[in-house]
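Student: I'd like to learn how to read empty spaces, helix packing and confidence in a model. Can we go through one together?

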Amino acid sequence: MLTFLLYAALTVVSILLTVQSAHVLYLMLYTWDQPEAEAKAKAPDTFLPPELSFTVMLPARHEENVIKTTIDRVVRCDYPPDLLEVFVICSADDTGTIDKAEEEIAEVAREGVHNVEVIVFDDQPINKPHGLNTALPHASCDVVTIFDAEDDIHPAIFQLVNTVMINDRVNVVQSGVQLMNYQSTWYSALNVLEYFFWFKSRLHYHALEGAIPLGGNTVFFQRELLVRLGGWDDHNLTEDADLGLRVSAAGERVRVVYDDRYVTREETPPTLGQFIRQRTRWSQGFMQTLHKGTWKQMPTRKQRWLAFYVLAFPHGQALLGVYLIVSLATMFLLKVPVLVALVSSLPVLMLLAHFVTQAVGLYEFADAHGLQATPRAVLRMAVAWYPYQLVLAYAATRAMRRQLAGRTNWEKTQHVGAHRAHGEGADTHVA
């Protein structure tokens, strides 16, 4: 009887994982499979004259290495300066970033640019959403947007969003974000491709269905909508996903634009520890948002199910890590009937399908950004594939432990500007 239950459990889990993996693969390939979705994802061929004004928020903490370059690239974008205001948002104890920001503000002021200021807050919690909420009452422009302190934005990003918001009559636009330094560490290529498929394909499906967890930057909101929704949740570790679902629950359409020419460029976390802490924060933020119950406010059952599915994914990722270890053990220690063995091998085949898709994606990503993908890079991805899944599972498990323990402090991700390094294709944008 015990043996039968073991076989049954192995079969059921294998089938569930296969279905789930097949669905994720479908979402990864959504825009390639749906020509109309792919066409809608692209940027307009021509831009309308500048009309909307933009408040740019740059939340920063211990970003002395990158903040000056980011400020410089924002203020030198191809958009009228009188239609832009830029806020660098810092906690009062972060004197290093404040000093660097003020140095850059003084430098651009000598060139006649006076639309940048530092907003400092001295209360708790010290995190990104609280900083954004502190700055929101100071925003005076039509549209509020967020960029991270290390972001390299395309000079035409405001022209793009101005055109999309006016033409499509939408109040929220999510533009593409892309990690660039795919050769920096053993996990970088896989991390880069997660962003590539997430922004280029999967988010378009979520936007179409009206249940979208927004990204944390290069997202644009009509200021009045943002104020009406109450801004960001001060205590949520993925304030972007939470706000996206609140936007969806309010019935607002979100336009997602991913055009390789106009993506905002970022870097992968520089160390494995930093990567784990970042993924822990994201997983725990999804758990917080799931518990908060915003997804229950969606108007249709399909929207509620999709939102629940996304938010519950970290729990499944933690279980997947356990399954991967158990599956290895059963391969060597457990002799099962042929049918059970065949069914239990299906998730492995799906993992292989995922890897092949990502290997093809690496070549497409590299070609789009003037980089060089090689068979050696693919081989490196193959070697890293299984350990990478275990790392993601560990981060999800760590998030569950933190959530159960009530630990919700913000674990900061370090930025070193690796996406701006010579040879990674990050110094110039493709026109």
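Tutor: Sure, starting with a definition. On a 1 Å grid over the protein atoms alone, a cavity is a set of points where a 1.4 Å probe fits but cannot get out, while a pocket is an open set with protein on both sides within 12 Å along at least five of seven lines; lining residues have an atom within 4 Å of a point. Points are joined across faces, edges and corners, and a volume is the space filled by probe spheres set on them. This is a predicted model, where local features need pLDDT of at least 70, side-chain atom pairs count only at pLDDT 80 or more, and totals for chains, interfaces and linings use all residues. Residues are numbered from 1 along each chain as its sequence is written, and side-chain values use heavy atoms, leaving out hydrogens and water.

Student: How many cavities of 30 Å³ or more does the structure hold?

Tutor: Rolling a probe the size of a water molecule over the atoms shows where empty space is left. Here there is 1 such cavity, with a volume of about 50 Å³. Its lining includes L132, I146, F221 and W232. Helix α10 (239-249) gives the largest share, 3 residues; helices (H or I, at least four residues) and strands (E, at least two) are DSSP runs, numbered from the N terminus.

Student: And which residues lie nearest the centre of the second largest pocket?

Tutor: K40, H204, A207, L208 and V254, out of 14 lining residues. That pocket's volume is about 310 Å³, and α3 supplies the largest share of its lining, 4 residues.

Student: How do I describe α8 and α15?

Tutor: Two packed helices are described by the angle between their axes and the distance between the axes. Axes are lines fitted to C-alpha atoms, for helices over the stretch in contact, and angles run from 0 to 180 degrees between N-to-C directions. The axes of α8 (residues 188-209) and α15 (residues 375-405) come within 9 Å and cross at roughly 70 degrees. α8 and α15 are therefore roughly perpendicular (65 to 115 degrees). Contact means heavy atoms within 4.5 Å; among the residues making it are L190 and L193 of α8 and W385 and Y388 of α15.

Student: What pLDDT does the chain average?

Tutor: pLDDT is the predictor's confidence in each residue, from 0 to 100. The chain averages 91, and 94% of the residues score at least 70. Over residues 422-431, though, the pLDDT is below 50. Where pLDDT is low, the predicted coordinates should not be read in detail.

Definitions and conventions: Angles under 35 degrees count as roughly parallel, over 145 as roughly antiparallel, 65 to 115 as roughly perpendicular and the rest as oblique.
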